[in-house]
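Colleague: Got a minute to walk me through this one? I'd like to start with the backbone oddities.

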Amino acid sequence: MSTKPVSFTVVQKIPKSLGRAGVIHTPHGDIETPAFVVVGTKASVKSLMPEDLRQYVGNQVTLANTYHLFLQPGHEVVKAGGGLNAFAHWETPTMTDSGGFQVFSLGAAFGKGVTKFAKGDVETELPARAELNVYSEKHAADHGKLCQIDEDGVTFTSHIDGSLHRFTAERSIEIQHAIGADIIIAFDECTSPTADRAYQEEAMHRTHRWAKRSVLAHKQNYEALKKQGLFGVVQGGRHLDLRAESARILASMDFDGFGIGGSFSKEDLGDSLRVVNEVLPDDKPRHLLGIGEPEDIVEGILQGCDTFDCVQPTRIGRTGTIYVHTGAMKTTPCGTFTYPETKKISVRNEQYKTDHSPLDPLSDGYVAQKYTKAYLAHLFRAGEILGPHLASIHNLYFITNFTKNLRKQILEKSA
RNA sequence: GCGUCGGUGGUAGAGUGGUCAAUUACAACAGACUGUAAAUCUGUCGCCUCCGGGCUACGAAGGUUCAAAUCCUUCCCGGCGCA
């Protein structure tokens, strides 16, 4: 076993595929991969107690966010509270995202309704270029966003109180050291799918420079080095050659694992991942950042990704949309996986007001079995907080278990 | 009985001669959401529509006016006050 705090063991490879089942070892325990990573941005999985996660979800790992915890309550508070695990009473292994996604969500995407997925293949607009040394609230407001990018880092205008803050590679690592998650992520720039190739390339190279600095910053903190693993983030947008180049450059740096970030299009997600994972080393875990619809996870695993975090189960759950099984089974082209077809339904819809069947009769989840659509429909209509709570638990169990079943198939196929 | 205030779309409640099919909120009906600015946001919400518009509407019936939810008359209904 490795002396590094975070290491990876491949347990079983999928024949003729980049995919594998494995185990990520961390100071807070092992993560059996492929695995879904529950998102708890502000050290809180929205509406759930950690006990709910343990008892009804069975997740193995939870992800928080550096930018959000830095603003509130402050990373020093988390540190004084014993670090993320103790502070939030999370007992699973933990990760923190670097704040790189906020460069996108509070920057290019701010107020525009664009998502990480391209709608079509047209580059609809150019992102605002970095404008050096122009940091002001007014400037940010004028540009319709809360952050400005330059070579050295990013200046954020807090979405909470408008105050200005500066993130650099070193600063993000420093904050993540204080927060204390098992796996931390190098500060990157998550680009918009609307950015043109030239900008994707420029941003990618900037992310690489930040990655190099992040490795250095991490190595300089001896205490953190013993307890936390550092992941670098592959970028390159929808351009396969850039993706491959990004993977090549990052693979040459001393990371404990890799995140795959940035924007994709739904159609060539698999191609983008394949190109990247062909290059990344086999003996390190690969995390697909922020993607996790059931079909995406199947594709991601086939193309060699080990872990997936996604906000979707809790976000859609909170407003009454739940995952359910249709009853049909699907098989991947080369027969690797046979998995249940899924769909999303909105339990607020009129038809469910009097539908007293279980949320998802085909699921073995506790909430799916014990609670009915009519009850959830009532809770959401009545504005009861139990509605978002139950729907979130249900969705998290659904996707966590969906992923676990795929792992099981990898192991069974080879047995 | 007299006086007075009021009766507006599913609800509450704006509007008090034209720009009113009628502000707004809620409810209702749908939709969106993929490293969480998110217990959020968007659309529809009188009827019909070839999406240009047409029709019926603000307690009821009459009336004034080029034009009425808005002014006048009577009636019906409700709150309050006085008998």
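Modeller: Sure. Buried means under 20% relative accessible area, exposed over 50%, and partly exposed in between (1.4 Å probe, protein chains only). This is a predicted model, where local features need pLDDT of at least 70, side-chain atom pairs count only at pLDDT 80 or more, and totals for chains, interfaces and linings use all residues. Residues are numbered from 1 along each chain as its sequence is written, chains are lettered from A and ligands numbered from 1 in the order in which they are written, and side-chain values use heavy atoms, with hydrogens and water left out.

Colleague: Okay, is Ala43 buried or exposed?

Modeller: Ala43 counts as buried because its relative accessibility is 15%. Its phi is near 60°, a positive value in a residue other than glycine.

Colleague: And Lys16, buried or exposed?

Modeller: Lys16 has 90% relative accessibility, so it counts as exposed. Lys16 also has a positive phi, about 50°.

Colleague: Which residues does a cis peptide bond join?

Modeller: Thr33 and Pro34 are joined by one, with omega about 0°. Another joins Gln72 and Pro73, with omega about 10°.

Colleague: Switching to the RNA: which residues come nearest to RNA strand B?

Modeller: Phe110, Cys190, Gly290, Val311 and Thr314, out of 46 around the strand; "around" is one heavy atom within 4 Å. Sugar and phosphate make up 50% of the RNA strand B atoms that come within 4 Å of the protein.

Colleague: What lies 3.0 Å from a base nitrogen there?

Modeller: A polar side-chain atom of Asp97. For Thr319, a polar side-chain atom lies 3.4 Å from a base nitrogen of RNA strand B.

Definitions and conventions:
A polar contact is a pair of N or O atoms within 3.5 Å; within protein, one must be able to donate a hydrogen and the other to accept it, and residues adjacent in sequence count only if both atoms are side-chain atoms.
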